[in-house]
Amino acid sequence: MSVAPAGVESDTISISQAVKIYGGGPSQFVALNGVDVTIERGQFVSIIGPSGCGKSTLLRLIAGLEEPDAGDVSVFGVTPERACAAKMIGLVPQTPALLPWLNVLKNVSLPGKINTGAERRRQRIGGHQQKSAPDMRDLLEKAGLADAAHKLPAQLSGGMQQRTAIVRAFGMQPDVLLMDEPFSALDEFTRESIQGQLLDIWDQMNTTVVFVTHSVTEAVRLSDKVLVMSAGPGRVTASVDIDLPRPRSEAMLKTAEFHHYEDVIRDHLQSAWRKSPAASAA
């Protein structure tokens, strides 16, 4: 339906009783059923759960790439379609889609040049107002890409390409940044490095981030809140607030407090797995 519910606060992403069904008849698949989610403006929220539980489907509903078959989705008081039209929503997929003929600086600067009217459209519908355009060279430095500004994508490692895609997305100054397992193809050391750089940029830009991951450690380190999903059909079975101080350095990963939250989320994931069709078939 993708209709903004009446009375929704303008500072929340609200998903109410969302249902998403694919196909029909014997092949019908219920991807999401009765999903309720509220995300506050400026929060970093991770979604974690077993494969096939609907994490990416939920992200696509927020992005306006798909509509729910029942229920409501609202992004800061407007429909996802209106939010997208006003360039309030940015997306970082698993694979960075960089333009191969442009260097790093030109890749990250391009969205700001082609979306010059986005700020006016956001203000008309209540989007977050940025005071000035971000310094893309400064964002590249925060992402550890200052020395790569004039390199082409083919000259970059996979981790550097993904960092470039992240800087490009933040450079659009979206109210909401949706990230669908952006670090899944990277080794653990590179992931931890990029997590820190992502948090530095997020802290500066004050963007609301919704982040899909399969890594418990990654979810705890990055998030203010972690949503745990279960499959068959997809639904949110737990919401865990991560009450850890920021900034969150790599040293924090070794603390007892950090491990406590990892254990809590793993317990919820074990419960979600036991309820999934794959577990029933095993």
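## Strands β1 and β4

V19 has A70 as its bridge partner in β4. That pair belongs to a longer match in this predicted model: β1 and strand β4 (residues 70–75) run antiparallel to each other over 5 bridges. Elsewhere along these strands, I15 stands opposite V73 in β4.

## The hairpin and the open sheet

What joins β1 to its other neighbour? Strands β1 and β2 form a hairpin with 6 residues between them. In that turn, G23 has a positive phi of about 75°. The pairing here is antiparallel too, with 8 bridges between strand β1 (residues 12–22) and strand β2 (residues 29–40). If you would like a pair to find on screen, S14 has T38 as its bridge partner in β2.

Put together, these strands make an open sheet of 3 strands in the order β2-β1-β4, with antiparallel pairing. Strands β2 and β4 are the edges, each pairing on one side only. From one strand to the next, the twist averages 20°. Strands of a sheet pair through backbone hydrogen bonds, either parallel or antiparallel.

A helix accompanies this sheet: α1 (residues 55–63) lies across β1, β2 and β4. Helix α1 runs at about 120° to β1.

## T208 and its surroundings

Now to T208, which lies in strand β7 (residues 208–212). Is T208 buried or exposed? Its relative accessibility is 0%, so T208 counts as buried; the cut-off for buried is under 20%.

Leaving aside residues up to four places away in sequence, T208 touches I13, I39, E40, R41, G42, Q43, F76, D175, V176 and L177. With G42 there is a polar contact as well: a polar atom of the T208 side chain lies 2.7 Å from the backbone nitrogen of G42.

## Helix α7 from end to end

Helix α7 (residues 188–205) has 18 residues, which should span 26 Å at 1.5 Å a residue. Its end C-alpha atoms are 26 Å apart, so the model agrees with that expectation. At the start of α7, a side-chain oxygen of D187 comes to within 3.1 Å of the backbone nitrogen of F189. Just after the helix, N206 takes a positive phi of about 60°.

Which residues of α7 are buried? They are T190, R191, I194, Q195, G196, Q197, L198, L199, I201, W202 and M205. These buried residues pack against β3 (44–48), α5 (136–142), α6 (158–171), β6 (176–180), β7 and α8 (216–222). Strand β7 is where we met T208.

Conventions. Residues numbered from 1 in each chain as written. Predicted model: local features only at pLDDT ≥ 70, side-chain atom pairs only at ≥ 80, totals over all residues. Heavy atoms only, no water. Pairing = 2+ DSSP bridges. Helix = DSSP H or I, 4+ residues; strand = E, 2+ residues; numbered from the N terminus. Axes fitted to C-alpha atoms, helices over the stretch in contact; angles between N-to-C directions. Contact = heavy atoms within 4.5 Å. Buried < 20%, exposed > 50% of the residue type's maximum accessible area, 1.4 Å probe, protein only. Polar contact = N/O pair within 3.5 Å; in protein donor to acceptor, adjacent residues only side chain to side chain. Expected span 1.5 Å × (residues − 1).
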